[in-house]
Amino acid sequence: MITIDLSGSFVTYLILLVLGVLGWIWGFRYIVSMALFTTVAYLLTVQSGNFIVGLINRTYSNMPKLVAFATGGDTASVAPLGPIIPENLEAPLLLRVLVFVALLAIGIGYSFPWEGGKPLGGWGGKRPLRIMGALTGIYTAVLLISALATFWNDLARAVTVPPLLAIALGSLPTWSGIVPSTIAAFVITLLVVMAIRFNRIWAADPQAGGGGGGGGGGGGQRK
């Protein structure tokens, strides 16, 4: 009998492996959009805490004053509205989770113009793009793991999930000490790539659909 211990590092290594392999198969040009949107989602909803919640509440509360200012009224006599998002544990956390999931979904489903709409596919050929794709996939996995662990640390007090899922989520590390440096390294890498390949940023690779070498079976197109 094979026993999988979800309380250890199994789930963490599995997520890293899956996204690393997907990055190798898809290639850097295809997976970079997912990495970019995941980075934005992480900065807005995890690294910044309740920043987005406060921003929405402040904007909503000050709407009467903005309307009065736009119409030439007396802004001092207008009372602000109450916060649209309740100041409790569940509502702000739920908004952060939903925003993170939405941005992640956009990153998965959106293909930048330079990607040609297709991943590399297969396993061989175009090794530089595959190596960078694998590293970008691992980087994306680090952010996903950190986000899941951070959200779960707060959600565990408010929601009930199946025991196995709770064990798996509880085993994930937040990596709060290394994530900022990892994001900085990713941004620097993007800037270097853009500087080196500036003339190809918006050019689709005519060979993007081919597997090359020992590859088998090209990937499907993201919608």
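Which residues does Asn57 touch, not counting residues up to four places away in sequence? In this predicted model, Asn57 is found in helix 3, which spans residues 51-61, and with those sequence neighbours set aside its contacts are Pro83, Ile84 and Ile85. The relative accessible area of Asn57 is 9%, and because a residue counts as buried under 20%, Asn57 is classed as buried.

The packing of helix 2 (residues 28-47) was examined against two other helices, beginning with helix 1. Helix 1, formed by residues 10-26, packs with helix 2 at an angle of about 135°, the two axes lying 7 Å apart, and helix 1 is therefore oblique to helix 2. On the side of helix 1 the contact comprises Leu19, Leu22, Gly23 and Trp26, which meet Phe28, Tyr30, Ile31 and Met34 in helix 2. By class, seven residues of this contact between helix 1 and helix 2 are nonpolar and one is polar, with no charged residue taking part.

Helix 2 also approaches helix 8 (residues 179-196), their axes coming within 12 Å and crossing at roughly 140°, so that these two helices are likewise oblique to each other. The crossing of helix 2 with helix 8 is left-handed. Helix 2 contributes Phe28, Val32, Ala35, Leu36, Thr39, Tyr42, Leu43 and Gln47 to the contact, while helix 8 contributes Val179, Pro180, Ile183, Phe186, Leu190 and Val193. The residues of this contact between helix 2 and helix 8 divide into 12 nonpolar and two polar, and none is charged. Phe28 of helix 2 appears both in the contact with helix 1 and in the contact with helix 8.

Notes. Residues are numbered from 1 along each chain as its sequence is written. This is a predicted model: local features need pLDDT of at least 70, side-chain atom pairs count only at pLDDT 80 or more; totals for chains, interfaces and linings use all residues. Side-chain values use heavy atoms; hydrogens and water are left out. Axes are lines fitted to C-alpha atoms, for helices over the stretch in contact, and angles run from 0 to 180 degrees between N-to-C directions. Helices (H or I, at least four residues) and strands (E, at least two) are DSSP runs, numbered from the N terminus. Angles under 35 degrees count as roughly parallel, over 145 as roughly antiparallel, 65 to 115 as roughly perpendicular and the rest as oblique. A crossing is left-handed if the near helix is turned anticlockwise from the far one by less than a right angle, and right-handed if clockwise. Contact means heavy atoms within 4.5 Å. Ala, Val, Leu, Ile, Met, Phe, Trp, Tyr, Cys and Pro count as nonpolar, Asp, Glu, Lys and Arg as charged, and the others, Gly among them, as polar. Buried means under 20% relative accessible area, exposed over 50%, partly exposed in between (1.4 Å probe, protein chains only).
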